[in-house]
Amino acid sequence: QDVVQEKFKAYVDWVEKLHTEHNVDVYGEPIWNIQNGSVFTGGWCRPQTDGPPLRAWTLIRYAGGGFISPEEESRIWKLVKLDLDWVAKKENVNLEGCDMWEETRSTNFLWNRVVMRGALEAGAFLADRMGDSDRAQRYRYASETIIGDPLQDHIEESGHWNYFTECPAKQQQGSSCEKYEKSIDGAVILALVHSGIAGDASSGAGMAASKAVASTILVYNEAFCGAYSINSQDSTTGIPGVLYGRYLKDAYGGGNPWVLITAALANLLYLAAQEVAKGVSLPEDALTAWRTALQAEDFRGRANDFLAAGDSVLARLRHHIDALDDWHLYEQLSKYTGKQYNAKDLTWSYAEVLSALKVRESALALSRAQMRPLGLPVEMTDPGNCFVPISGPLAYAPFDDDAIAKMRKHFMANLNINGTGAMTASPGEVPALKDCCPGGYNYSWVRDGALSMLSLLSMSRSPVGTVGRDNHASQEVADKMFATYMTWVKHQISLNGTSFQYNDGQKTVEGVVDSHREPKWNVATGLPYTPSWCRRQSDGAPLRAQALMAYVALQTNETLRKEAWELALFDLDWIATAAPIHEETCDLWEETEDKEFLWNRFAMRAALVQGAQMALEMGDSDRHDHFLTVAGDELEEPLLDHMKFNATAAGSFMTECPVSSEGTGSSCDQYKKDIDGAVILALVHRYRFSGGTTGGTDDSLYTPIATSVARTVEVYNSAFCNQYPINTADTKEGIPGVLYGRYLKDQYGGGNPWQLITASLASLLYQAAQYVKASGINPEGTTKLAWQAALGPQFQGHARDFVSAGDAVLLRLRHHIKEEDDMHLYEQIDKTSGEQYNAKDLTWSYAEVLLALQERDTAVSLGAAEPIPPVEKAVEDVLGPDWKDEVGSQNWSLFFIGILLGGCFFSVYGIYTACKKGFKAQQARRRPKKYGCLNRVNAVKPELRTYTKEGLGTKALEVLDQKVRHHSAHSEP
C-alpha cells in the first residue's frame, strides 16, 4: 500500500499538471512528453476519446481503495469532474475518434463506449458520496440514455454463433473499419474485461460466462488460429491455450499475437469463473457454446472449468517467455516462432498479465468449494464405504497459502494468553455443552496445549509456517512462544501437591493438586478447574513431555535445553514408575474410564521411547535404560487387547477400548467405543512422536501401511459413512474423501464429524506415503487388497496413492469450511447440513489441520507425489492405463516390448517406430477441430507449466534402449 500511495500521488500530480498547465485539448490528446509534460506534436491519430474516461475511472478506483484522506479525495474529485464532465456531453460521446490501436476512425467503437459508460457509472457513485447529486444524475443520464447498452450495435450475426465486434456490426461501406476487417478485434476482449460488468453476478446472469462471450471466443479462436502459424504448431505439440492478436488484416510488425490481448483473454475466463462462483448457472445453450469454444466435451460450467481454461491460455503465453527473457515482457510474439518481439518492457503487457493473475486469485478464493476436483465414481453399498478417491495427488495443497496464513493467525491467537504461556482451547461459544460448564472451553487443557506447541514447533521448521503473506510462524516466533509455554509448565509443576478444593460431581472435596493428572486449568487463576470434570487423565503428562523434548531437540542453547529437559523429566519419571500405566483414567473425550485406552498407552510408550533416546543425548544412561525397560515390560504390546475381527473387512481392526471390555457393562461397552476416532489420532501421533519410525519396535502392526491399519480405515469409513448423512450426500455429489467423528454412540452436540479427527486421517495417509517412499516397501498381497478395500480399486500401493487419498480427505474437509467462515475452524461439522458447529476457533482443530499439511509437505518433499516414471507413462500413453495387468506383472519390461513391437525385430529401431506411432496417435487426438486451437488444461494448477511430449518420448526411448542393450549383453530371455 505504501508503494501504491507513492506511485499514485505522483500520478495525481501528473494529471493535475495536464489539466492546469497546458492550453491544449487535454481530452483528445493521447501522447505526452515525460520530460516537460508537453503534448506530443508529431503526426498521430487524433482525437482519442478513451483517455478521459480511463483516467477518471482510475482515479475513482484509487479514491475508493481506502488509501487516502478526505482532503486527498476532494482533490481527486476535482480532477475526476474535469474528465467526466467532458465525457457526459453527447457531442463527445458521438465524436469521431481513433480506435484503441490508433489506426482507424469511427463514432462507435465498442472499447470507447464501454469505458465511457463504466467511468460514468463509477463517477455517479463517487458524486453521491461527495454530495454532488446534480452530477450524479447527469452522469447516470449520460451512461444510461446517451450511451445506453454499448453491446447493442456490436453483435455480428453469423449463423448459430453471434459474436461481439469492435466496430459496429453494420459498417459503412468503404469505411476504415471495413478496410481493416475489424469485426474480429482483440479490443473486444479488452472491452469485455475492463467493462466493470464482467465478473458481476448481482443480476443473476453473468456477462463473462454468457453464450455471447463463448460464441465470441469460439469465432476468435478460429480466426487467430488460422492467422498465426505458431498457434497451430503449439496445438500440434500439445501446448495448452491459444494466442490472440489485434485483428486479421493487422500489418504492424507483420501482424502477430500480442502478450496483453492473450492475457486479457485469460482474465475474461477468470471473470467467468467469478460469476459462476457467485451463483450464476449456465443454460444448456451456453454450455454447448462453451464446450465448442474450449474444445472440452466434459465442460460442465463450473468455476474450475473456467479457471482451467484461463490457466491454459496463460500456460501458452508462459511457454513463449523464454528463460533468456528474464521475465521482460514485450509487445508481441512472432506468429511464426513464438519468440517475443518489439517494444521490450511494454508497460501495458505487464499490466494485463498481472491483472489476469490477480483476477485468477480472486476467482480461486471465491470458487474454493466448486473448484475442488470431483472424486472418482463410487458404488455405494449399505452399509458401505463411501470414501471418494481422486485420480492422483493434487498439484497444490488442498488448502491454499492464504487459507493456511489465516489458520495460522487464528491458531496463534489462542496461544500465550495474556502472556502467561497458557493456551485457550476455544474462545468461541459452546452450544453443545448446553447449561454445563461455565466458561465453555475457555480454559487451558494440558493435552491441547502440548499438541498445539508440538504443532507450532514443527510448523516453524516447515513451509507451512511461512507460506502466505502474513501471520508467519517463524522459528523465532515459535521459540519465543515456547519459552512462555515453559513458564506456564513451571507454574503447573510448582503447584503439585498443594491443597485444592474441587467438585467430584456430588460435593466439594478437599484434595491436592496433581499436576500430572489434572487435565484442565483456569488461565485467570492459574489453578486447576474446580467444577466437576472427568479427572485422572494420564495422557497429558506424556504429551507435555514430548512437546518439551521436541523443543530440546531443536534448541541449540545448552541452558534452554537443560531447562526444558528437567521439565520433561517431571512427567517422564512419573510415567516410568509404571503406576500410571495400569490405573483407571479418562479417555481422550473425557467421558469414559478404563485402564487400557489405546490413545493413552500409545502416548506413554512414545514418550518413554523418545525419553530414552533424549536421555542418552543428555548423558543420562541410567534413565535411558530405565525408560526402555518400562516401555518394554509394561507397555510391550499396546495392541494386545485392541484388535477386533470384522467379517466384512476379512480381518481385524484397531479399537480404542480393550476388546475384553465388551459385554462387561463398562462405560466403554456402554458407549460402543470399539470404533473411535481416538485410534486414528493414536496412530498418527505415535508415528509422529517417534520421528517417523515404528517407535522402537519392528512389529509390522505399527507401520502406517500395515494391514491392520488398512482394515481399520476400511471399517471406520463404513461406520462413519453410515453414521453421518452428510458423508453419503457428499459422496453422491462426488466430493472427494470422507469425514470422521468420535464414536458411534456419541451424543455430544448430536454426534457429528470432527475437523481434527478428519485431519488426522489425512495425516495418517500422508505418513503412509512417507513410509513407502523412505523404506521402499510397498503394500503387496493381502495388505494391498486391504488398502484397496479401504481407499478404492484404483489404489496400487505407490506413495502417490497415499498422498492422493490424504488429499481427498482434506478436500472434503475444506469443502465444508465456507468462505464466510474466513478459515475459522470449529470443533464439529453438522452431520446433516455440513455446516461448521460448536466451539469456534478450537485450537486443537487448527493444530491437527496444520499438522496434516506439514505431513503432506514432508511426503511431497520426499517425492511421494511424483508421477509414474516416464518410461511407464510413455507406454501407458500407447497401450492404456491397464497395460501392466494385461501383460502380466513378471518381467513386464520384456512383455511390453514384445507387445509394442509385434512383428518388428527386437531392436532400437523397432522401439522407436512403435513409440513414435503411439506419440502421433496422441497428437492426432489433440489436433484442433474446426472451431479453433484452444487446448484446455485438464486441471486447475497453482503454477503455470508447459507440457512437452517430445521430451517424454525421448526419455522413454533412452530407457528402453538401455534395457534392450542390457538384456542382449547378458543373454537374458
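Counting salt bridges in this protein gives 42 of them. The model is a predicted one, and a good way into it is to walk through a few of those pairs before turning to helix packing and some unusual backbone spots.

**Salt bridges**

Side chains of opposite charge can pair when their charged atoms come close. Three such pairs are set out here.

| Pair | Closest N to O |
|---|---|
| Asp 13 and Arg 75 | 2.5 Å |
| Arg 544 and Asp 571 | 2.8 Å |
| Asp 746 and Arg 742 | 2.7 Å |

Let's start with Asp 13 and Arg 75, which form a salt bridge. Asp 13 belongs to helix H1 (residues 2–21) and Arg 75 to helix H3 (residues 70–87), so this pair ties together parts of the chain 62 residues apart in sequence. Asp 13 has a relative accessibility of 41%, so it counts as partly exposed. Arg 75 is also partly exposed, at 29%.

The salt bridge between Arg 544 and Asp 571 links distant parts of the chain as well: Arg 544 sits in helix H19 (residues 540–554) and Asp 571 in helix H20 (residues 558–575), 27 residues apart. Are the two partners buried or exposed? Arg 544 is buried, with a relative accessible area of 0%, and Asp 571 is buried with a value of 0% too.

In the third pair, Asp 746 meets Arg 742 through their side chains, and both of these residues are buried.

Salt bridges can also join up into a network, and here one links Asp 85, Asp 132, Arg 135 and Arg 138.

**Two packed helices**

Two packed helices are described by the angle between their axes and the distance between the axes. For helix H8 (residues 186–193) and helix H9 (residues 211–227), the angle is about 150° and the axes are 11 Å apart. Because of that angle, H8 runs roughly antiparallel to H9. The crossing of H8 past H9 is left-handed.

Which residues make the contact? On the H8 side they are Gly 186, Val 188, Ile 189 and Leu 192, while H9 contributes Val 213, Thr 216, Tyr 220 and Phe 224. Sorted by class, the contact between H8 and H9 has six nonpolar residues, two polar ones and no charged ones.

**Backbone spots to look at**

Three places in loops invite a look at the backbone. Between Arg 46 and Pro 47 there is a cis peptide bond, with omega at about -15°. Pro 47 is found in the loop that runs between H1 and helix H2 (51–63).

Ala 578 is not a glycine, yet its phi is positive, near 75°. This residue lies in the loop between H20 and strand S11 (585–586). With a relative accessibility of 14%, Ala 578 counts as buried because the cut-off for that class is under 20%.

Asp 822 is another non-glycine residue with a positive phi, in this case about 55°. Its loop connects helix H29 (799–815) with strand S15 (828–829). Unlike the buried Ala 578, Asp 822 is partly exposed, with a relative accessible area of 32%.

**The whole protein**

Stepping back, the protein contains 35 helices and 16 strands. Of its 973 residues, 57% are buried. How are contacts spread along the sequence? Among contacts between residues at least 6 apart in sequence, 69% join residues at least 24 apart.

Conventions:
Residues numbered from 1 in each chain as written. Predicted model: local features only at pLDDT ≥ 70, side-chain atom pairs only at ≥ 80, totals over all residues. Heavy atoms only, no water. Axes fitted to C-alpha atoms, helices over the stretch in contact; angles between N-to-C directions. Helix = DSSP H or I, 4+ residues; strand = E, 2+ residues; numbered from the N terminus. Parallel < 35°, antiparallel > 145°, perpendicular 65-115°, else oblique. Left-handed = near helix turned anticlockwise from the far one by under 90°. Contact = heavy atoms within 4.5 Å. Nonpolar A, V, L, I, M, F, W, Y, C, P; charged D, E, K, R; others polar. Salt bridge = Lys/Arg side-chain N within 4 Å of Asp/Glu carboxyl O. Buried < 20%, exposed > 50% of the residue type's maximum accessible area, 1.4 Å probe, protein only.
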